[in-house]
Amino acid sequence: MHSLDTIFHALSDPTRRAILARLAEGEATVDQIREPFSMSQPSISRHLKVLERAGLISTRVDGTSRPRRIEPAALTPIEDWLDRYRMIWQENYTRLDDVLNDLKQEDDTP
Amino acid sequence: MRPLRMTTPTDTTIEIVRSFDAPRPLVWRAHTEPALVKRWLTGPSGHTMPECEIDLRIGGTYRYVWEWPDGRMSATGRFREIETENRLLLTEIFDVFPDNETLVEQLFTERDGQTFVTMNLHYDSKATRDGVLKSPMDEGLEASYRSLDALVSGTV
């Protein structure tokens, strides 16, 4: 499992997010990924390396071509982190509902 | 259960909004009186808040302690701005991430007998450096969520 830090770092760059969005449409070779960017192959490769290290993409060997594809499961740690946070606040606030109901009743009692 | 909205409006902010079926003065009290806070701000199930101290004045500190069967954690902070029944601005530091200070803004607004609590958690780059959300996250959760959206819509 890759750490949140590695994943957040990989996602912190707009080019890398654009690459992921492109790969979300389907796998693509480095040349295909490069097309919409005015960027050299080495710098695209560097970005791909960061994404691959974070586990967000993987490389398939297909003869001489090496298409990249997205690994959606790699985002699970982020989703888990946010879900957990959301759940804690949902639980806190459900208890706050009860406290407020009690306070309202106290207020209504003469 | 009432809906809770959690969004990431800026690169370094998490915003949580929830409405309550109660007038604003009561919601304010439930956020600022220790005896009341202890009853609901207890975190994940199985946790309790045995200690709660709130010195509600500008520059005043607060301290929350949570306990669960095999652990204990505390949060402390200082009130920076107080507009009674309207807005709180405070800092928050968890003892498990002592170098990681979060700025929390809480807004209380009443509409049609409902009180909306908006909580904004601001992570600055220093605060996030050593904590769970570290500095590489400079583009933040919003970006991650945008990526998530793209991924989910593109791969399902």
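Hi everyone. Partly exposed, as I'll use it today, means a relative accessible area between the 20% under which a residue is buried and the 50% over which it is exposed. Please keep in mind that this is a predicted model.

Let's start with B:R72, which has a relative accessible area of 45% and so falls into that partly exposed class. Its salt-bridge partner is B:E51, with N and O 3.1 Å apart. In sequence the two are 21 residues apart: B:E51 sits in strand β3 of chain B, residues 48–54, and B:R72 in strand β5, residues 71–83. B:E51 is partly exposed as well, at 27%. And the pair doesn't stand alone, as salt bridges with shared partners join B:E51, B:E53, B:R63, B:E67 and B:R72 into one network.

Staying in chain B, have a look at B:R5 and B:E15. Their closest N and O atoms are 3.4 Å apart, and they form a salt bridge. B:R5 belongs to strand β1, residues 5–7, and B:E15 to strand β2, residues 13–20, so this bridge ties together parts 10 residues apart in sequence. Is each partner buried or exposed, or something in between? B:R5 is partly exposed at 44%, whereas B:E15, at 16%, is buried because its value is under 20%.

Now for a pair that crosses between chains. The side chains of A:D102 and B:R39 meet in a salt bridge, 2.7 Å from N to O. On one side is helix α5 of chain A, residues 76–108, which holds A:D102; on the other is helix α2 of chain B, residues 34–40, which holds B:R39. Both ends are partly exposed: A:D102 has 33% relative accessibility, and B:R39 has 38%. How many salt bridges are there over all chains? The count comes to 16.

Let me finish with some helix packing in chain A. Helix α2, residues 14–24, and helix α4, residues 41–53, have axes that come within 10 Å and cross at roughly 75 degrees. That angle lies in the 65 to 115 range, so α2(A) is roughly perpendicular to α4(A). Which residues make the contact? From α2(A) we have A:T15, A:R16, A:I19 and A:L20, and they meet A:I44, A:H47, A:L48, A:V50 and A:L51 of α4(A). By type, that contact has six nonpolar residues, two polar and one charged.

That's my tour, and I'm happy to go back to any of these spots on the screen.

Note on methods
Residues numbered from 1 in each chain as written. Chains lettered and ligands numbered in written order. Predicted model: local features only at pLDDT ≥ 70, side-chain atom pairs only at ≥ 80, totals over all residues. Heavy atoms only, no water. Salt bridge = Lys/Arg side-chain N within 4 Å of Asp/Glu carboxyl O. Helix = DSSP H or I, 4+ residues; strand = E, 2+ residues; numbered from the N terminus. Buried < 20%, exposed > 50% of the residue type's maximum accessible area, 1.4 Å probe, protein only. Axes fitted to C-alpha atoms, helices over the stretch in contact; angles between N-to-C directions. Parallel < 35°, antiparallel > 145°, perpendicular 65-115°, else oblique. Contact = heavy atoms within 4.5 Å. Nonpolar A, V, L, I, M, F, W, Y, C, P; charged D, E, K, R; others polar.
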